[in-house]
Amino acid sequence: MLETVILIVFAMIGVSLLLNLWRLVVGPSIPDRILALDTMYINTIALIVLYGMNMGTSLYFEAALLIALLGFVSTVAVCKYLLRGDIIE
Amino acid sequence: MMEWVISLLLLLGGSLILVGSIGLVKMPDFFMRLHGPTKATTLGMACLLFAAMAYYGFYGEGVSVKEILISMFLLITAPISGYMLIKSAIHHRLDSIESTRGKDNIEED
C-alpha cells in the first residue's frame with residue numbers, strides 16, 4: 001500500500017511543480033516570479049524526500065538540507081536587491 | 001498500523017502542497033497569492049517530513065534528527081521570505097484588487 005501512496009504523492013507534487021512553472025512563466029510582476037521560484041524549491045525538497053523514501057535510504061537528506069539553505073538565502077538576496085537596488089550596502 | 005499512519009501523513013502532505021500551488025495559480029492578485037506558499041505548502045512539507053521520520057524510525061535505520069532539522073528550518077524561514085516578498089511587493093506598488101486594500105473596506109459601526 002505504501003508504494004501506491006508514494007506514487008500518488010509523486011503525481012501530486014509533479015502537478016504542483018507544473019502549476020508553479022506556469023506562474024513562473026506567466027507571472028505579471030517580478031515578486032510573482034520570485035514567489036514561484038520559492039515554492040518550486042520547497043516542492044523540490046518534497047520530491048527529494050519522497051525519492052529517498054521510495055529508495056529506502058536516507059542518503060538524500062543532505063541534498064534537501066542544502067537546497068533549503070540556498071533557496072532561502074537566494075530568495076532573501078533577490079528581495080533585498082528589489083528593495084534597495086543593492087544586496088550588501 | 002504504522003503503514004496507515006505514514007500513508008495518511010503522506011497523502012495529507014501531498015494534498016496540502018497541491019492546494020498551495022493551486023492557490024498560487026488561481027488567486028487574483030499578489031497579496032492573495034502569497035498565502036498559498038507561505039501557509040499551505042509549509043504545512044504540507046511538515047507533514048511529509050513527519051511521515052519520513054516515522055518511515056525511517058519504523059523501517060529504516062532508526063529515528064534521525066535530519067528530518068526535524070529540515071522541518072524546523074522551513075518553519076522558521078518561510079515567514080521571513082514571505083515578509084521580504086510582501087515588502088518588495090509594497091515597494092513596487094503592485095496592482096491589487098479592491099477587496100485586498102484593507103482598511104478602506106472595514107465597515108463603520
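How many residues of chain B are in contact with chain A, and how many residues of chain A do they meet? In this predicted model, 46 residues of chain B are in contact with 47 residues of chain A. The points below describe that interface, then the single salt bridge found in the structure, the regions that UniProt annotates, and the confidence of the prediction.

**The interface between the chains**

- The size of an interface is often given as the accessible area lost when the parts come together; between chain B and chain A the buried area is about 4200 Å², and carbon and sulfur atoms give 79% of it.
- Nine residue pairs, with both residues at pLDDT 80 or more, are in polar contact between chain B and chain A.
- On the side of chain B that touches chain A, the elements giving two or more residues are α1 (2-26), α2 (30-33), α3 (35-58) and α4 (66-91) of chain B.
- Of these elements, α4(B) provides the largest share of the side that touches chain A, with 15 residues.
- Sorted by class, the side of chain B that touches chain A consists of 30 nonpolar, ten polar and six charged residues.

**The salt bridge**

- Side chains of opposite charge can pair when their charged atoms come close.
- Across the interface of chain B and chain A there is one salt bridge, and a search of the whole structure, over all chains, also gives a count of one.
- This pair crosses between chains, running from A:Asp32 in helix α2 (residues 30-55) of chain A to B:Arg33 in helix α2 of chain B.
- The closest N and O atoms of A:Asp32 and B:Arg33 are 2.8 Å apart.

**Regions annotated in UniProt**

- For chain A, an unreviewed UniProt entry lists residues 6-22, 34-53 and 59-83 under "transmembrane region".
- In the model, residues 6-22 of chain A are 100% helix and 0% strand, with 24 Å between the end C-alpha atoms, while residues 59-83 of chain A are 92% helix and 0% strand, with their end C-alpha atoms 38 Å apart.
- For chain B, the UniProt annotation "transmembrane region", which also comes from an unreviewed entry, covers residues 6-25, 37-56 and 68-86.
- Residues 6-25 of chain B are modelled as 100% helix and 0% strand, and their end C-alpha atoms lie 29 Å apart; residues 37-56 of chain B are likewise 100% helix and 0% strand, with end C-alpha atoms 27 Å apart.

**Confidence of the prediction**

- The model as a whole scores ipTM 0.87 and pTM 0.86.
- Chain A has an average pLDDT of 88, with 99% of its residues scoring at least 70, and chain B has a mean pLDDT of 84, with 92% of its residues reaching 70 or more.
- Among the elements of chain A, the lowest mean pLDDT (89) belongs to helix α3 (residues 61-84) and the highest (91) to helix α1 (residues 2-26).
- Among the elements of chain B, α2(B) has the lowest mean pLDDT, 86, and α1(B) the highest, 91.
- Where pLDDT is low, the predicted coordinates should not be read in detail.

Technical notes. Residues are numbered from 1 along each chain as its sequence is written. Chains are lettered from A and ligands numbered from 1 in the order in which they are written. Side-chain values use heavy atoms; hydrogens and water are left out. Contact means heavy atoms within 4.5 Å. Buried area is the accessible area (1.4 Å probe) that two parts lose on being put together, summed over both. A salt bridge is a side-chain nitrogen of Lys or Arg within 4 Å of a carboxyl oxygen of Asp or Glu. A polar contact is a pair of N or O atoms within 3.5 Å; within protein, one must be able to donate a hydrogen and the other to accept it, and residues adjacent in sequence count only if both atoms are side-chain atoms. Helices (H or I, at least four residues) and strands (E, at least two) are DSSP runs, numbered from the N terminus. Ala, Val, Leu, Ile, Met, Phe, Trp, Tyr, Cys and Pro count as nonpolar, Asp, Glu, Lys and Arg as charged, and the others, Gly among them, as polar. pLDDT is the predictor's confidence in each residue, from 0 to 100. UniProt positions are given in the numbering used here, feature names are shortened, and annotations may be inferred rather than shown by experiment.
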